[in-house]
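Here are some questions and answers on one protein chain. Have the sequence and the model open as you read.

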Amino acid sequence: MNYLFDCSVDGIKSRPKGQCEATVFSSDEVWLPVPNYPRYEVSNMGGLRRLPYTDNLGRKHKLQYIKGRISSRIGIRVILCNGTCIDKILARIVATTFYGYDLDTELTVNHIDGNRYNNDINNLELITREE
């Protein structure tokens, strides 16, 4: 499993020994941290989760999978918070994280099969508006 990161995984549910910080929970699914949002990880299969943490009042928050909300025009939208909160399209988060771009890139995310709810990395490509 090589997603532009040098990861050599030594088994299921283990941390990689390479350069990246991916977490592998199955042989098919790879989780990478979302750039600039350290509490969140995104999956190559289109999943998003918030990692467990303790807030400034001492409350413990568990691992939470984020479903997002469905928009018929643009796909699934999610909110990421790190001091301030932003509303982003899940496909953009998946594509930019795995292809190594910034979330605010000028490139457009294209769903190869035309299904805006299929956010698998193999179905996403970053292209220019002209393409």
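Buried means under 20% relative accessible area, exposed means over 50%, and partly exposed lies in between (1.4 Å probe, protein chains only). This is a predicted model, where local features need pLDDT of at least 70, side-chain atom pairs count only at pLDDT 80 or more, and totals for chains, interfaces and linings use all residues. Residues are numbered from 1 along each chain as its sequence is written, and side-chain values use heavy atoms, with hydrogens and water left out.

Q: Is C81 buried, partly exposed or exposed?
A: The relative accessibility of C81 is 25%. Partly exposed is the class between the 20% and 50% limits. C81 therefore counts as partly exposed.

Q: What is the handedness of the disulfide of C81 and C85?
A: A disulfide is a pair of cysteine sulfur atoms within 2.5 Å. C81 and C85 are joined, S to S, at 2.0 Å. The structure holds 1 disulfide. The torsion about its S-S bond is about 105 degrees, so the disulfide is right-handed.

Q: In what pattern do the helix and strands follow along the sequence?
A: Helices (H or I, at least four residues) and strands (E, at least two) are DSSP runs, numbered from the N terminus. The protein has 1 helix and 12 strands. Read along the sequence, the pattern is β-β-β-β-β-β-β-β-β-β-α-β-β.

Q: Which element gives the most residues to the largest nonpolar core?
A: A nonpolar core is a set of buried Ala, Val, Leu, Ile, Met, Phe, Trp, Tyr and Cys residues joined through side-chain atoms within 4.5 Å. The largest one has 22 residues, and V34, V42, L48, L80, I93, V94 and F98 touch the most other members. Two or more residues come from each of β2 (30–34), β3 (37–43), β9 (75–82), α1 (90–99) and β12 (124–127). With 6 residues, the top contributor is α1.

Q: Which residues does V34 touch, leaving out those up to four places away in sequence?
A: Contact means heavy atoms within 4.5 Å. V34 is one of the core residues that touch the most other members. The partners of V34 are Y40, E41, V42, L48, L80, I93, T97 and L103.

Q: Which element supplies the largest share of the lining of the largest pocket?
A: A pocket is an open set of points on a 1 Å grid over the protein atoms alone, where a 1.4 Å probe fits, with protein on both sides within 12 Å along at least five of seven lines; lining residues have an atom within 4 Å of a point. Of the 14 lining residues, the closest to the centre are I89, R92, T108, V109 and R129. α1 and β11 (108–111) each supply at least two. The largest share, 4 residues, comes from β11.

Q: Is R129 buried or exposed?
A: R129 lies in the segment after β12. The C-alpha atoms of R129 and N110 are separated by 9.8 Å. With a relative accessible area of 70%, R129 is exposed.

Q: Is T105 buried or exposed?
A: T105 sits in the loop between α1 and β11. Beyond four places in sequence, T105 is in contact with R92 and T96. Because its relative accessibility is 19%, T105 counts as buried.

Q: Which residues does Y117 touch, not counting those up to four places away in sequence?
A: Y117 lies in the loop between β11 and β12. At 38% relative accessibility, Y117 counts as partly exposed. The contacts of Y117 are I70, S71, S72, G75 and I76.
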